[in-house]
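Let's take a walk through this structure together, with an eye on its charged side chains. Have the viewer ready and follow along as we go.

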Amino acid sequence: MASKMALTVGTRSIPLVAASDKIDLKAVAQFKPLQDWARNLAKEEAAVGAPAASSSSSGQNNNSPSSSAEGQPSNPSPITVHKIEVRSVDYFGPRVGFVNLSVDAQLTETGQRPPGLVFMRGGAVAVLLIVRSRQPSGVISEHVVLTKQPRLSIPSFNFPEIPAGMLDGSGDFVGKCAEELKEECGITLENDKLIDMTQLAYGSDWSGVYPSAGGCDEFLRLFVSYKDMDWTQLQELEGRLGGLRDHGESITLTLVELKNAYKAAPDAKLLSALALLQALKAEGKIA
């Protein structure tokens, strides 16, 4: 397999190298999260009027004033990316799932190298599902549906969180969100019942909410949806088994009152969704 390729970033190319000859660089170069990363880097450089850097300048520290191809002065990028090393790749069946990268970059002002280790996995969707129900006493209650499942990275055998799932590259955020609700919770919602709070908050400025930008490219599209349900049906959700068992998922549903949700689960997706919901309601963007 090739040990070196070129990753296109705007009008220039950056060396993409493999740390091992077992890494399929062609498959990595076609990995949508990496393509999105390159496109976003090009936008960042264009926004500061950075010149098209030569890929042959890798490793050099050039602090002299720069000029564009036409000889006109231009603003140097605050960071120059010289090279990207692919250290490891994890596959989901035949397709690339996760990629570990080391980005060799340099700060223009000081010549220092910023942290460049990246765990690349792409975006995900998550939904704050609020179920409204009339109690036998006549009081209307609002509950949030949470899933509990093993998260060995913490580790926790029953970590509470809102339903979520990785994007499949189609760009269909709403459809993927509805699919995850069906798979994890057994709850079917029409697409028009799902409100994309990240779109309402950020428009096209950001892809979503970034929970760990210090070392991971993952972004979250956070949705909210309201569902009316009979009180008896609501009680039947508690303890329901969900997820794709043949894919290794072991999910149990649980319910928590909306007003207590923030302290029921230390889930960044849940807390971000609650904050967005409160802010968007205050602005009148969500009823």
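A salt bridge here is a side-chain nitrogen of Lys or Arg within 4 Å of a carboxyl oxygen of Asp or Glu. Before we use that term, a word on the source: this is a predicted model, in which local features need pLDDT of at least 70 and side-chain atom pairs count only at pLDDT 80 or more, while totals for chains, interfaces and linings use all residues. Residues are numbered from 1 along each chain as its sequence is written, and side-chain values use heavy atoms, with hydrogens and water left out.

Side chains of opposite charge can pair when their charged atoms come close. By the cut-off above, the structure holds 14 salt bridges. One of them joins Lys-32 and Asp-36, whose closest N and O atoms are 3.0 Å apart. Both residues sit in helix 2, 4 residues apart, or about one turn of the helix. Helices (H or I, at least four residues) and strands (E, at least two) are DSSP runs, numbered from the N terminus. How exposed are the two partners? Lys-32 is partly exposed, at 37% relative accessible area, whereas Asp-36 is buried at 19%. Buried means under 20% relative accessible area, exposed over 50%, and partly exposed in between, with a 1.4 Å probe and protein chains only.

Stay with helix 2 and look for Glu-45, which forms a salt bridge with Arg-12; here the closest N and O atoms are 2.5 Å apart. This pair links distant parts of the chain: Glu-45 belongs to helix 2 (residues 32-47) and Arg-12 to strand 2 (residues 12-18), 33 residues apart. Glu-45 counts as buried because its relative accessibility is 10%, and Arg-12 counts as buried because its value is 8%.

Glu-45 also leads us to Val-9, a residue of strand 1 (residues 4-9). Val-9 is buried, with a relative accessible area of 2%. Setting aside neighbours within four places in sequence, Val-9 is in contact (heavy atoms within 4.5 Å) with Ile-14, Ala-38, Leu-41, Ala-42 and Glu-45. The C-alpha atoms of Val-9 and Ala-38 are separated by 5.3 Å, although the residues are 29 apart along the chain.

Now move further along the chain, to the salt bridge between Glu-161 and Lys-269 (2.8 Å, N to O). Its partners are 108 residues apart, with Glu-161 in strand 8 (residues 156-161) and Lys-269 in helix 7 (residues 268-282). Glu-161 is buried at 3% relative accessible area, and Lys-269 is buried at 12%. Which residues make up the network of salt bridges here? Arg-151, Glu-161, Asp-267 and Lys-269 are linked in it.
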